[in-house]
Amino acid sequence: MNYAATLAVMMVLAFCFPITVKLGVWLGIPAALGATVLGALLVFGVTAYLVRWQVGRHSQQLARLAQARAQMAADPEDPRAYFVDGEHLGRLLLRLGRRREAAEVIDRYSRLGGARESELMALQEALSQAERRKRRAQREVKG
């Protein structure tokens, strides 16, 4: 079943919830059992939707990452090649949790002649914040 069909089934279940509970009571099924089963189906549907949404969002980020890498490989000396849809490749890598790669990209970008100082400072700050979060998470796991 595709995404649209799954969502359509979940929407029908959500709108039919009260009617189905009343029908179940009329047929002799306790209201609590009917509500519990339909509630479980609703939770399953919401969970499935959220998982698919996250996977789709991650796929878009990976596509943007591939596009940025291709641009950078085509012309590594052009500072604009490090941006895709107005976002720097280093920031995209940081969002994906790839700090080492981001540090390398930011370092290469900083060596370019046309790199803007304000953008470099923002990228360095984002990288240092990611490092602080990593160290804090490691301390919490140990402590």
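Which residues of α2 are buried? Keep in mind as you look that this is a predicted model. In α2, the buried residues are Gly 34, Leu 38, Gly 45, Ala 48, Gln 61, Leu 65, Ala 68 and Met 72. This helix runs over residues 31–74, which makes 44 residues. At 1.5 Å a residue it should span 64 Å, and its end C-alpha atoms are indeed 64 Å apart, so the two values agree.

Now try the same check on α4, which covers residues 99–111. With 13 residues, α4 should span 18 Å, and since its end C-alpha atoms are 18 Å apart, that agrees as well. Its buried residues are Ala 102, Val 105, Ile 106 and Tyr 109. They cover an arc of only 100 degrees around the axis, so they sit on the same side of α4. Over on the other side of α4, you'll find Arg 100 and Arg 111 exposed.

What do the buried residues of α4 pack against? Their partners are β1 (83–84), β2 (87–88), α3 (89–95) and α5 (117–142).

Let's follow that last partner. The helix α5 has 26 residues, and from its first C-alpha to its last it reaches 38 Å, close to the 38 Å expected at 1.5 Å a residue. Buried in α5 are Glu 119, Leu 120, Leu 123, Ala 126, Leu 127 and Ala 130. The cover over these residues includes β1, β2, α3 and α4.

So how do you describe a pair of helices like this? Two packed helices are described by the angle between their axes and the distance between the axes. For α4 and α5, the axes come within 11 Å and cross at roughly 160 degrees. An angle over 145 degrees counts as roughly antiparallel, and α4 and α5 are therefore roughly antiparallel to each other. Their crossing is left-handed.

You can also pick out the residues where the two helices meet. On the α4 side they are Arg 99, Ala 103, Ile 106, Tyr 109 and Ser 110. On the α5 side they are Glu 119, Leu 120, Leu 123, Gln 124, Leu 127, Ala 130, Glu 131 and Lys 134. Ile 106 and Tyr 109 have come up before, among the buried residues of α4.

One last stop: the loop between β1 and β2, where Asp 85 lies. Is Asp 85 buried or exposed? Its relative accessibility is 63%, so Asp 85 counts as exposed. Check its backbone too: phi of Asp 85 is near 55 degrees, a positive value in a residue other than glycine.

Notes
Residues are numbered from 1 along each chain as its sequence is written. This is a predicted model: local features need pLDDT of at least 70, side-chain atom pairs count only at pLDDT 80 or more; totals for chains, interfaces and linings use all residues. Side-chain values use heavy atoms; hydrogens and water are left out. Helices (H or I, at least four residues) and strands (E, at least two) are DSSP runs, numbered from the N terminus. The expected span of a helix is 1.5 Å times one less than its number of residues. Buried means under 20% relative accessible area, exposed over 50%, partly exposed in between (1.4 Å probe, protein chains only). The arc is that of the directions from the helix axis to the C-beta atoms. Contact means heavy atoms within 4.5 Å. Axes are lines fitted to C-alpha atoms, for helices over the stretch in contact, and angles run from 0 to 180 degrees between N-to-C directions. Angles under 35 degrees count as roughly parallel, over 145 as roughly antiparallel, 65 to 115 as roughly perpendicular and the rest as oblique. A crossing is left-handed if the near helix is turned anticlockwise from the far one by less than a right angle, and right-handed if clockwise.
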